[in-house]
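Please consider how the sheets and the nonpolar core of a protein model may be read.

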Amino acid sequence: QFSNDIIKKLGLKNQALEALIQKKILLHEAEKQNIQVSNEEIISFIKNIPAFQSNKKFSEIAYRNYIKSQRLTPSEFEETQRQTLLLDKLEKIFRTNSKASKSEILKEFRNQEDKVKLEYVRFTNDNFTSKTTISEQALKDYFQANKPKFEIPPQIRVQYVKVEPKDFQSQIEPREEDIEDFYKTKIANFHVKKKYKASHILTSLKPSDIEGDITEKEKQKQADEKAKQKSTELLERLNKGADFSEVAKKHSDDSSSGANGGSLGEFPEGTMVSAFEKALDKLKPGEISKPVLSPFGYHIIKLENRTEKRIKPLSEVEEQIIQSLKEIKARQRVKRIIKRIHQAAQKDENLSKAAESHQLKTAKTDFFSRESHALLEIGNQPEFFNTAFSLEKNKISEPIITPEVSFVLKITEERSKYIPELSEVKEEVKEALTESNNEAATLKKFEELKDKLTKEKSLEKVVNGYDITIRNTPFFSKAESIPGIGDINQIKEKAFSMKIGEFSSAKVRNRFYLYKLEDIEKAGKPDSQKTRQIANKIKIDKSRQAFQEWVENLKTGAKILVDKTLL
């Protein structure tokens, strides 16, 4: 349930605002520097977008379908691409001016290629249990010191009327003419595709299967010829009485169907490649085709059965149509009812009276907050809660209409945030104090284990008798996340400065680590190809950093006005 609170915590509005400001500033700067994008550049760019490609060619249909799905006009979409290309041109100015020194390349190479591996143990902050008995006084003291932790957030209570289409379906009897109209209007839904039941034996040779010092083109030609020859030989065996299923099991290069005697099961028209289906249409049930070429190789096809395409008659789908009409008409009825309830309630803000006029009753929720609003009677209805949290007390909400259920709401009670009495939250306080004691006990034990490790120089001896597993990482570089541990820079930086056999420790958030450097794998020097790759990466990183610094300078000098009401 994506709420305003989550949006606030993630800072999504500020991120979106910053992105919009940056884009606007850069477009102004591109205009100032007279950087332009021609129509030819836009056309070329769009034609090369992979989503609009079909068989490595630009597909007008794919393009039109995409912009239609995004609810854009071609000119709107093309204008966004123009802006993208403008911003890219602006950024490229910085890329061309960036350089990478030999020392920077060597440092990055070592970050990527120098590797270490660790022996380590880890445990969480509740790994060791405190033996401290929690007294009433300890609970009072902890609660007194941590009252803000147990603050009850603002809460509301909602009166609502809930109307569900399913409750009206039994009252609806569709008329004959409605059933016939629905059938005619939705006739396309009742088309049944042609279906085939078939088996095949596939013969497929790859150019890599052909030996000899010849060109790839010649290898492809020879592979095709040999596959055709083998397929012809298998057909001769079948014509002489060999069992199709046995031949498929032994010789088909389609392992999945071959294991089933070549059976492809039943499949609708359009499932197989066109050459395959054209061959099927020429066969009668029980007949076997000559070798048929497709992009996969040569097929010998056996048609077992074919069901012609048809339209289901009304008699066959009448019950299905009746149910669909009941659902549609029930939703329409609910929509009318909920709108009338809303209109009536708006007059005197009396939701109960408006509901009773339609033989319905209102209900009331328990108190709930933005942080905790799992209500069984409401279920997963984000719009219900979003509406409730934006509604003023005693005001009637706009109708909330979904396919499954519709509501009209009214906030009847509000509670401000408050610090409860200890008696109200005693169990939560006890749980929090237990957790705090366990964390303190674990931290104390961690310090003891660190001291012991300094003396014993052995993880095995240090953790002996505790439920802690010793683990080993594979080799990893500074540029990688540590397998089994994660991308923790504190541990990586230390590990790459240690000598083999040395120990260290770390506390990261709620996890504790003790580790030993087991081995080091030093990289040599980068070859010319690797040097070019690293130099290119450094240039890109530098250019991005320079670009961002330049943008920040532009922001500092710009006059930016923000309509805060939109936030």
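The dialogue below takes up a sheet, a hairpin and a core.

A: This is a predicted model, in which local features need pLDDT of at least 70, side-chain atom pairs count only at pLDDT 80 or more, and totals for chains, interfaces and linings use all residues. Residues are numbered from 1 along each chain as its sequence is written, and side-chain values use heavy atoms, with hydrogens and water left out.

Q: In what order do the four strands of the open sheet stand?
A: Strands of a sheet pair through backbone hydrogen bonds, either parallel or antiparallel. Here strands are DSSP runs of E, at least two residues, and helices runs of H or I, at least four, numbered from the N terminus; two strands pair if DSSP finds at least two bridges between them. The order is β11-β4-β13-β12, with antiparallel pairing.

Q: Why is one side of β11 and of β12 left without a neighbour in the sheet?
A: β11 (363-364) and β12 (400-401) are at the edges and each has a single partner strand, so one side of each has no neighbour in the sheet.

Q: Which side chains of β16 are buried?
A: Buried means under 20% relative accessible area (1.4 Å probe, protein chains only). In β16 (residues 503-508), S504, A506 and V508 point to one face and are buried, whereas F503, S505 and K507 point to the other and are not. S504 stands opposite Y515 in β17.

Q: Which residues touch the most other members of the largest nonpolar core?
A: Such a core is a set of buried Ala, Val, Leu, Ile, Met, Phe, Trp, Tyr and Cys residues joined through side-chain atoms within 4.5 Å. Among its 22 residues, they are L26, F77 and W550. Helix α2 gives the most, six residues.

Conventions. Buried means under 20% relative accessible area, exposed over 50%, partly exposed in between (1.4 Å probe, protein chains only).
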